[in-house]
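I opened the notebook to log what I look up in this structure. Entries follow in the order I made them.

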Amino acid sequence: HYPDSRSDANAARRRLAFDELFLMQLAVLDRKRQWQEDGRGVALHVDTPQVEAFLGSLPFSLTGAQAKALHEILDELRGDKPMSRLLQGDVGSGKTVVAASALLAAAFDGYQGALMAPTEILAEQHFATKCSLLGGQPYVPWGNQVVQVFESLLDRPIRVGPLIGAMRGKAKRNLQQLIREGGIDIVIGTHALIQKDVEFRDLALIIVDEQHRFGVMQRSALRQKGASPHLLVMTATPIPRTLA
């Protein structure tokens with residue numbers, strides 16, 4: 001409280017900052033431990049050849065960082081402890097194709113995946129990008145056809161559907177029924193995903209984009225849609241790098 005010099009004052013301030021970060025990190029690790037111990041995650045049988053076939057269909061090759069991140073994610077998806085991983089990369093660094101590969105790994109094993117974005121515009125962009133990556137088929141806007149079907153990667157179709165707040169009436173009810181019955185493999189949406197009337201049959205993987213724009217309770221509400229699903233959060237903000 002009464003330092004003898006400016007250097008002593010700076011050292012004390014640095015120690016107080018360390019204490020705050022240290023206690024916060026302990027709390028985060030304790031919450032992660034409790035989450036992993038409270039429920040067993042879905043141990044996915046990751047079909048590596050099918051994932052590689054998808055990657056081989058792309059008009060580009062993964063960078064070293066993308067390949068490393070995807071390898072680590074797929075390894076964790078094979079475990080029965082629910083994954084809790086953050087994927088950090090600058091805008092345009094290719095987080096989307098890594099996320100798409102992980103979602104496909106879940107779909108290949110017969111489970112459902114969900115991607116939640118903070119805005120309808122971003123959710124629409126994700127939906128259009130996933131459709132393009134899966135086969136280059138034309139993107140159909142929300143109002144005309146809400147489900148895209150791709151048959152080239154599996155012995156059964158892969159169905160990708162968008163769920164946003166602006167969707168109304170029969171189209172929304174039909175999509176919710178498909179999600180509930182397992183007729184949709186990958187659901188891409190906004191906060192609409194955490195509404196009470198949205199139920200999944202076999203949700204195994206959740207991806208949250210721009211995770212800093214969602215509250216803790218919102219992310220938790222999406223987790224409750226499945227039995228200890230794996231969680232991947234993505235961000236382009238430099239905060240995680242700064243902390244590291």
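**Entry 1: salt bridges.** I started with charge pairs. The model is a predicted one. I found seven salt bridges in the structure. Which residues pair in them? I logged three of the pairs in turn, beginning with Arg15 and Asp19, whose side chains meet at 3.1 Å, N to O. Arg15 and Asp19 sit four residues apart in helix α1, so about one helical turn separates them. I checked exposure too: Asp19 counts as partly exposed because its relative accessibility is 27%.

Next I took Asp30 and Arg33. Their side chains form a salt bridge at 2.5 Å, N to O. This pair is also in helix α1, three residues apart, so the separation is about one helical turn. Asp30 has a relative accessible area of 31%, so I noted Asp30 as partly exposed. Arg33, at 38%, is partly exposed.

Then I looked at Glu76 and Arg85. They bridge at 2.7 Å, N to O. Glu76 is partly exposed at 28% relative accessible area, and Arg85 is partly exposed at 23%. What else is linked to Glu76 and Arg85? I found a network of salt bridges that joins Lys68, Glu72, Glu76 and Arg85. As a general reminder to myself, side chains of opposite charge can pair when their charged atoms come close.

**Entry 2: a nonpolar patch.** I turned to the surface. Phe18, Phe22, Leu23 and Leu26 make a nonpolar patch of about 410 Å². I placed Phe18 in helix α1, which covers residues 6-38. Is Phe18 buried or exposed? Neither label fits: its relative accessibility is 45%, so Phe18 counts as partly exposed.

**Entry 3: the whole chain.** I stepped back for totals. I counted eight helices and seven strands in the protein chain. The chain has 244 residues, and 41% of them are buried. About 13400 Å² is exposed, with carbon and sulfur atoms supplying 53% of that area. I also looked at contacts between residues at least 6 apart in sequence: 71% of them join residues at least 24 apart.

**Entry 4: the cores.** I went inside next. The largest nonpolar core holds 37 residues, and Leu77, Leu205 and Ile207 have the most contacts inside it. Which elements give two or more residues to this core? I listed α2 (48-56), α3 (64-77), α4 (95-108), α5, β4 (158-163), β5 (186-189), β6 (203-209) and β7 (230-235). The largest share is from α4, with 10 residues. I noted another core lying apart from this one; it has 23 residues, among them Trp35, Phe200, Ile206 and Leu222. In soluble globular proteins, nonpolar side chains tend to be buried together.

I then picked out Leu77. What does Leu77 touch, leaving aside residues up to four places away in sequence? I found Val42, Ala43, Leu44, Val46, Met83, Ala102, Leu205 and His230.

**Entry 5: helix α5.** I closed with a geometry check. Helix α5 runs over residues 120-135, which is 16 residues. At 1.5 Å a residue the helix should span 22 Å; I found its end C-alpha atoms 23 Å apart, which agrees. Which residues of α5 are buried? They are Leu122, Ala123, His126, Phe127, Lys130, Cys131, Leu133 and Leu134.

Technical notes: Residues are numbered from 1 along each chain as its sequence is written. This is a predicted model: local features need pLDDT of at least 70, side-chain atom pairs count only at pLDDT 80 or more; totals for chains, interfaces and linings use all residues. Side-chain values use heavy atoms; hydrogens and water are left out. Patches are made of residues with over 30% relative accessible area and no salt bridge: like charges are joined within 9 Å, nonpolar side chains (Val, Leu, Ile, Met, Phe, Trp, Tyr) within 5 Å. Accessible areas come from the Shrake-Rupley method with a 1.4 Å probe; for residues, only the protein chains shown count as cover. A salt bridge is a side-chain nitrogen of Lys or Arg within 4 Å of a carboxyl oxygen of Asp or Glu. Buried means under 20% relative accessible area, exposed over 50%, partly exposed in between (1.4 Å probe, protein chains only). The expected span of a helix is 1.5 Å times one less than its number of residues. A nonpolar core is a set of buried Ala, Val, Leu, Ile, Met, Phe, Trp, Tyr and Cys residues joined through side-chain atoms within 4.5 Å. Contact means heavy atoms within 4.5 Å.
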